[in-house]
Amino acid sequence: MPKTVLIVDDEPNIVVPIEFLMEQNGYSVLVAGSGEEALEIIAKYEPDLVLLDIMLPGVDGYEVCEIIRLNPEWQHMKVIFLTAKGRDVDVAKGMVLGADAYIIKPFSNIDILENVRKLLDDPP
Amino acid sequence: MKRNYKFHWLSVVSFFLPLFFLFGIVFLFWLYLTPAERLLLTGISQIRYIFLVSYAGLLMIGLGFSLVWIVHHYIIPTTRLAEEAELIRSGNLSHRIQPAGSPALRKLSEIINAWASTLESEQIDIETKITEARSESETQKNILAAFMAELPEGVLICNLKGKILLYNKQAKLFLAGKKDDDRLNRDQKPGSYQYVGLGRWVNDVVDPHLVQHALNEIKDKLEKKESDVAAYFVISQHERMLRVEAAPILDHLRAFTGFVLIFYDITDQLQKDGRTQFLWQSLTRNVRSALTSIRSAIESLMDYPDMTAERRERLKQLIHTETLNLGKVLDDTTDEYGGFCTDSRWPLVFIKDDELLGIIKKRAAEKTGIELMVDGSLSVGWVRVDTYSITLAWLFILDRLKKTIGRNRFSIRLKRAGRFVGFDILWDGGPIKIENLNKWEGQVVKIGKEGLPFTLKEIMGYHHMDIGSYPGRSSTDPSHIRIFMPAFMVPEPNRKRGVAILPESRPEFFDFDIFHQSGQHPGMDSRRLTDLNYTVFDTETTGLDISGGDRIVSIGAVRIVNAKLLKEEKFDRLIDPARPIPEASTEFHGITDEMVAGQPLIEEALPQFHRFADETVLVAHNAAFDMRLLQINERYTGIKFINPVLDTLLLSAVVHPSLGNHNLETIAKRLGVEVLDRHTALGDAITTASIFLKLLPLLAQRGIYTMRDARRASQQTYLARLKY
């Protein structure tokens, strides 16, 4: 059964190529455009990994991450933050909240793919 | 002892003393008589007693008349003469005695008057000389004061205790007025007022914690002998952000004796910084987002060549959209940035394009002999320039043109070109090569001996301007170069620096004398009158019947600090009495119902006045009336005036007990005080204050030096018994 990746970003034009990339590499993909939507999908489908943008309207990436980490049943869920360069404080805050990795925008497909594979124990 | 009592005693004594002696002599005479002689005398007196009684009566009437005559011709005129002579001696040299009483006294009055005239002319002479001698140092002081007054920064100079010794207009503008709501919710009534004034406390207008913090920092730096001893903090007042620089004042022994606070308005700068930051953030966010999707999409296109045609098309479309987005982001940012970042460090002012041309035309004729023909172009906009460097740049271009094409007459035309004003320099003949323009741009701007250490390109850069060369297309559109300058259709007002006008006399807020003053609070009663701070005030009302419901319609007040009247530090408010003003009262003070409509009610105005008068002695003419008014209002406002009070009416009576009339005009005339705006609260307050200052030395002559002395003397004056 393919592993599930949830992409959370409010920019559809960023979601589209990542969605494509993940599908090309055999993952089942879910998409959310806001924090609230992400939390609904997480509760319903319990994805294996969440690619989480920090700057989201409403509930932001930090809060989503915090909620995931507070739920004991979701401890296996991996979280990768998508963040901007120069926002080192985002990285520091995100890692404290229990994120597994972060990727700086604009990122390369390889970066994202390697991180996802590593965290999900998939062969390269 | 009062004059009236003296007169009574004198009457009694002069009347009874002769009688006493007369009866004494008669009695002694009686003692030496034999019984037979006594009998005879009794008999005679019984028959002729009518003569004796008539004689005694006539004697008494005669005595009485002589007494009245003596009192009116000698005693009263002598007392008056003494007081009026004292009035002349103590300062009002223009006062003249009305001759009265006996010829000798009249003669004496005339002599004193003549003497006063001589003294007066001598005094005028001396004053003229003193004024001349002072004028030079005064001018220097005034230059400093005028300079201070016109600084765009606010300045407060305080002693170590935080008492304000000097301030400028700007400081007052920044700090005085309604208090901002305190975000820290400290003990403060909403909407209360704060004042900036000599002798007031800096803590009233700046958070004491900040001041203390700054002072501690300065002390620390002074101890460590650091070179920069200033401390900085930021305050917010009246929706302005003020950056405050605190610097110490050291005396000749380098001891810390006071401090200066300089207030810079950084509101605009902060707003601009905020906008720049916002712009920067949105720019980076948008660019990053676009780049992220483009990069990912392209990498997918490269890495997965066998993807479906539909997917490929979608990714291509996405890349196209995002590149368009990138272009839009850049355009938007440039527009927005250009809108508010045309500011440079160069001191630029707004000027209309045709006015700038006028300046350039004149200078070109003078400096380079080039004639510019401005073809009656209508102004197309405003530009922002440093007139000196821009004129020099123009002259430089014209000079190069003249050398290149060998002409010294050019037509000038103004054209609107998008965001720019185009200044066209036209001539008949071939165009200037672009490479020539480029060469000129790299050269240092210099005309003859006059020049700036900048290249043309640099000066153009500071002005955000550009230059282009265009070949002629027709006889109406000949070859020209166009100088582009950013156009401003509605110029923002320049932060105008007011013209510094040297005041004739020393400005009132200019006072260094209070540097070594004792504390403000200990025993007001024992303090010298000349050392106290006063609020001299007057009220106008709907009528004189306070208990019957007449109310305040206006309060005017000025401050006296260090025996100096500060007209600048005034309180002048109209107050809505919440009842109609009778016509008779309006005739008296000129305040109508329309004027007070919409003005604050007493509940709002009185707390402001209370704050204004804080820590001062209240002075008013006929203060009992005004104090009663304030007292009546206690129950509406909850404001209680506990300040000590002095009354110029009573003090005048203390000084001149025999000069009966003590109304404001009479006293003013007597003391040589000019009466301004009679029957306006502020005008009367100023007159009262001037009178009070004239009374101070007269009181001192009578041994009245302290607050306690003044109050006691006032109480003893009989007018004090007048109750409202």
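**Chains A and B: how the calls are made**

Trainee: How many residue pairs are in polar contact across the interface of chain A and chain B?

Mentor: The rule finds 11 residue pairs there, both partners at pLDDT 80 or more. Keep in mind that this is a predicted model. On the chain A side, helix H1 (12-24) and helix H5 (109-119) are the elements that give two or more residues to the surface touching chain B. H1(A) has the largest share, nine residues.

Trainee: What makes Glu23(A) and Arg311(B) a salt bridge?

Mentor: Their closest N and O atoms are 2.1 Å apart. The cut-off is 4 Å between an Arg or Lys side-chain nitrogen and a carboxyl oxygen of Asp or Glu, so the pair qualifies. The rule finds one salt bridge across this interface.

Trainee: How much area do chain A and chain B bury between them?

Mentor: About 1900 Å², with 56% of it on carbon and sulfur atoms. In residues, 21 of chain A are in contact with 19 of chain B.

Trainee: Why is Thr42(B) called partly exposed?

Mentor: Its relative accessibility is 30%. Buried means under 20% and exposed over 50%, so Thr42(B) falls in between. Thr42(B) sits in helix H2 (residues 35-89) of chain B, and its side chain reaches the backbone oxygen of Arg38(B) at 2.6 Å.

Trainee: And what makes Leu17(B) partly exposed?

Mentor: Same bounds: 45% lies between 20% and 50%, so the label fits Leu17(B). Leu17(B) belongs to helix H1 (residues 3-31) of chain B. With Trp9(B), Val13(B), Phe20(B) and Phe21(B), Leu17(B) makes a nonpolar surface patch of about 590 Å².

Conventions. Residues are numbered from 1 along each chain as its sequence is written. Chains are lettered from A and ligands numbered from 1 in the order in which they are written. This is a predicted model: local features need pLDDT of at least 70, side-chain atom pairs count only at pLDDT 80 or more; totals for chains, interfaces and linings use all residues. Side-chain values use heavy atoms; hydrogens and water are left out. Patches are made of residues with over 30% relative accessible area and no salt bridge: like charges are joined within 9 Å, nonpolar side chains (Val, Leu, Ile, Met, Phe, Trp, Tyr) within 5 Å. Accessible areas come from the Shrake-Rupley method with a 1.4 Å probe; for residues, only the protein chains shown count as cover. Helices (H or I, at least four residues) and strands (E, at least two) are DSSP runs, numbered from the N terminus. Buried means under 20% relative accessible area, exposed over 50%, partly exposed in between (1.4 Å probe, protein chains only). A polar contact is a pair of N or O atoms within 3.5 Å; within protein, one must be able to donate a hydrogen and the other to accept it, and residues adjacent in sequence count only if both atoms are side-chain atoms. Contact means heavy atoms within 4.5 Å. Buried area is the accessible area (1.4 Å probe) that two parts lose on being put together, summed over both.
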